[in-house]
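Biologist: Before I rely on any label attached to this protein, I should like to hear the reasoning behind each one. May I put my questions to you in turn?

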Amino acid sequence: MSVTLPAVEKALKVYESLLEIPNVERAVLTGQASERTLHLWYSQVSVASSTKTAAQRSYRLSPAVPNDVLPPIPLNSEVKYVSYSSDGQAAVQFVAIDKSGSTRRYIEAWQAGVKHVIPVTHGTWHTDLTFGPPTWNAKGDKLLYVAEDHDPNPDEYTYIPDFGESYRDARRPCIFCLDLITRTVTRLVTGGKEEGINFVQPQWVEDGERATKIVATGWTRLGNDAQLGVAYCTNRPSGVYLLSVEGEAVQVTRLSADGRSARTPRISPSGQVIYLSNVEGGPHDSCAQLHSYDLKTCADRTIVPTQRDVRSDGFAGLYLHWLPEQPFTTLGGSEWLACPAVSRCRKVCLFISLRSGEVIDVRRYVDGTIARSGIESYEVLAASTDGIVVLSVSSPNTPWQIIQVDLSGTAPVQRGVVTRGNADAIANEALAGIDFAIEPISAFGPGKMILISPCPIQVLAEKQLPIVVYPHGGPHGSDSTSFNAALATLALAGFLVVLPAYPGSTGFGQDYIESLLPPALGTAEVDGTLASLDALRQMGLRVSPERTLLVGSSHGGFIGAHAAGRWPGVFAGMVLINPTINYLPMIHSTDIPDVISSSSGVPYPYSDPPHSFTPEQYSVLYRCSPMANAHKARTPTLLLLGADDGRVSPEQGKMWYHALKKNGVEAELLIFPKNRHVLNGTVEAQVVSVQKTIEFCVSHVATPES
């Protein structure tokens, strides 16, 4: 089967349609029973105007099906966040207006139908799950949130460490309290001044005492005043703390154990502090534990421990960065947690009993009209304490659908589709031709791979499809069967897309993650990626180097560059997106030097971070990098770089480009301004990066023999 130009042109037109499907960014449930409302916040791309817009839409949910869809509310760029009290009777908007080089911020608050405007003097709000979310008290008249501290004597030249990639504007996060009764905003906890800790993710503790009590996550700065990047990292020096605030005095008590990276506390309906923890240091992501802390008895209990391997019932552990904004629900009259996780190449929703630790996959309650393949992916959007859970369901050939699962009755039941992400008729017809499967990589124990195909999986052996191997980043990350417009477009262009879960991937137990510990880095994940080609051969597919390409981002690019230097004849071409090329200079430019160091076997203790490294340690960093074999690389390569990448400097990709040019190898490099580690900062980057990737792959695939 050959890739034709008309097929490619059609696929790229379909991609533009898929890119314009609104993306659900956040969901909140308010009210109870027949008065329940689901609020969804969307972002949407316009390819024609190269713009991104935001909107909010609300759905009144009945016990049976949605019975009322409220008109969408466009959100202009000045509205930074919207929040509702749990009963829906109060609401606030965070507003920031840029004018004449300065920013004016204020809060619009509605209570009992009356609007009030409350000015604030602090800096940028931090509202995502990394720092928030803003949290209402039980009465719905006070709101905790995190924002950047206001410096009364600002000096734009003074260096203050930030929180790394994606969070360059976070330097001094503080906890503030909005009081709707007095219409005032008070700074409760300042940034980084209490025991060298930045407190975020605040939750109310309401015990009737005079002092304001908050449970929060505290990130500890290193001894050299460095603040490590927090994006995609669950190993940071952090803990869960109880803060008792009275006036300007703050009493700080650590609740979580030392040596665990604890975070994302939530207060259960019964008053327990539920939180996650991972091993501090080491792999940047690992299998999490779920804890419960009793504020009355000061007892900490592990609800779900670290899972070393895949259990007989399929449970492989908890892999997530943050708990949802509204995670608690009811099943069988007791408290449960609706928990998102990654499991064996799928995103899953797990219901976890807070009493027994029992784990149930939501797939048990979803009918065949939604779970048609049985390997779809699920994302937890919101849950209510009386048994309603709202989920997003998608697969490689089906964009998201929002469903509600009702756990309140004697038999849990799915209550139909609330809304869905719709593409146009041409795109829907094209997607219907995509098939997908999860297949084993037998050479690597529990390892698997996702296949996304333009033809039925059953007939792959009869075809001679060109292959794109697409290893994920991380390295301790994962791919899933969630819908992805770029991957669907690659398949529609005529390629079999292979997503290998190589050693070190999450979702297969802690042992699989640790199989990439030093000295395996640079070998095991590369071998695991190449083993996916052997797995295809075992399925009866014909795999030839001239018909096989690799696309990799971040550590996926690290894998590709390693393969190019050590096995230069395996791939006909490569597309490397913000690739990691040389650890030696990167350790001094990245926001995660500890990860680079420990992954290579070079110690990086948080209590005493190194000033520099020995020549022997620098040699270790270099030897495990692709750059060590750059002189042998012969694979034509397209490099796509984000100009503002704070994790992997663009200089890494440039280094590989110049090495290839020195070798006389075909190489092209594109740099996208205003884009970071993920090339989604501008609409142009989203469109052009996929267009160039597909055009490059098509131009480097040999025509099959007759």
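Modeller: Let us begin with one contact: a polar atom in the side chain of Ser377 lies 3.4 Å from the backbone nitrogen of Ser482. Please bear in mind that this is a predicted model.

Biologist: What makes the pair formed by the side chain of Ser377 and the backbone nitrogen of Ser482 a polar contact?

Modeller: The cut-off for a pair of N or O atoms is 3.5 Å. The distance for Ser377 and Ser482 is 3.4 Å, so the pair falls within that cut-off. The side chain of Ser377 also reaches the backbone nitrogen of Lys347, at 3.0 Å.

Biologist: Why is Ser377 called buried?

Modeller: Buried means under 20% relative accessible area. Ser377 has 1%, and it is therefore buried.

Biologist: Where is Ser377 found, and with which residues is it in contact?

Modeller: Ser377 belongs to strand β27, which covers residues 377–383. Beyond its neighbours within four places in sequence, its contacts include Arg346, Lys347, Ser392, Val393, Ser480 and Ser482.

Biologist: How do you know whether Ser334 is buried or exposed?

Modeller: The relative accessible area of Ser334 is 15%. Buried requires a value under 20%, so Ser334 counts as buried. Its place is in strand β24, residues 334–343.

Biologist: Which side chain does that of Ser334 join in a polar contact, and which residues does Ser334 touch?

Modeller: The side chains of Ser334 and Trp336 are joined by a polar contact of 3.1 Å. Not counting residues up to four places away in sequence, Ser334 touches Thr329 and Arg355.

Biologist: What makes helix α3 largely enclosed by the rest of the structure?

Modeller: Helix α3 spans residues 485–492, and 7 of its 8 residues are buried, which is why it is described as largely enclosed. Among the buried residues are Ala485, Leu487, Leu490 and Leu492.

Biologist: What is found at the start of α3, and what just after it?

Modeller: At the start of α3, a side-chain oxygen of Asn484 comes within 3.0 Å of the backbone nitrogen of Ala486. Just after α3, Gly494 adopts a positive phi of about 110°.

Biologist: Leu222 lies in the loop between β16 and β17. Why does Leu222 count as buried?

Modeller: The relative accessibility of Leu222 is 6%. The limit for buried is under 20%, so Leu222 counts as buried. Not counting residues up to four places away in sequence, Leu222 touches Leu228, Pro237, Tyr604, Tyr606 and Pro609. The C-alpha atoms of Leu222 and Pro237 are separated by 8.4 Å, and the two residues are 15 residues apart along the chain.

Biologist: How do you know that the radius of gyration of the protein chain agrees with that of a compact globule?

Modeller: For 706 residues, a compact globule would have a radius of gyration near 27 Å; the protein chain has 25 Å, and the value therefore agrees. Along its principal axes, the C-alpha trace spans about 80 × 60 × 55 Å.

Biologist: What does the secondary structure of the protein chain come to, and what share of its residues is buried?

Modeller: The protein chain has 11 helices and 38 strands. Of its 706 residues, 59% are buried.

Methods. Residues numbered from 1 in each chain as written. Predicted model: local features only at pLDDT ≥ 70, side-chain atom pairs only at ≥ 80, totals over all residues. Heavy atoms only, no water. Helix = DSSP H or I, 4+ residues; strand = E, 2+ residues; numbered from the N terminus. Rg over C-alpha atoms; globule rule 2.2 N^0.38 Å. Buried < 20%, exposed > 50% of the residue type's maximum accessible area, 1.4 Å probe, protein only. Polar contact = N/O pair within 3.5 Å; in protein donor to acceptor, adjacent residues only side chain to side chain. Contact = heavy atoms within 4.5 Å.
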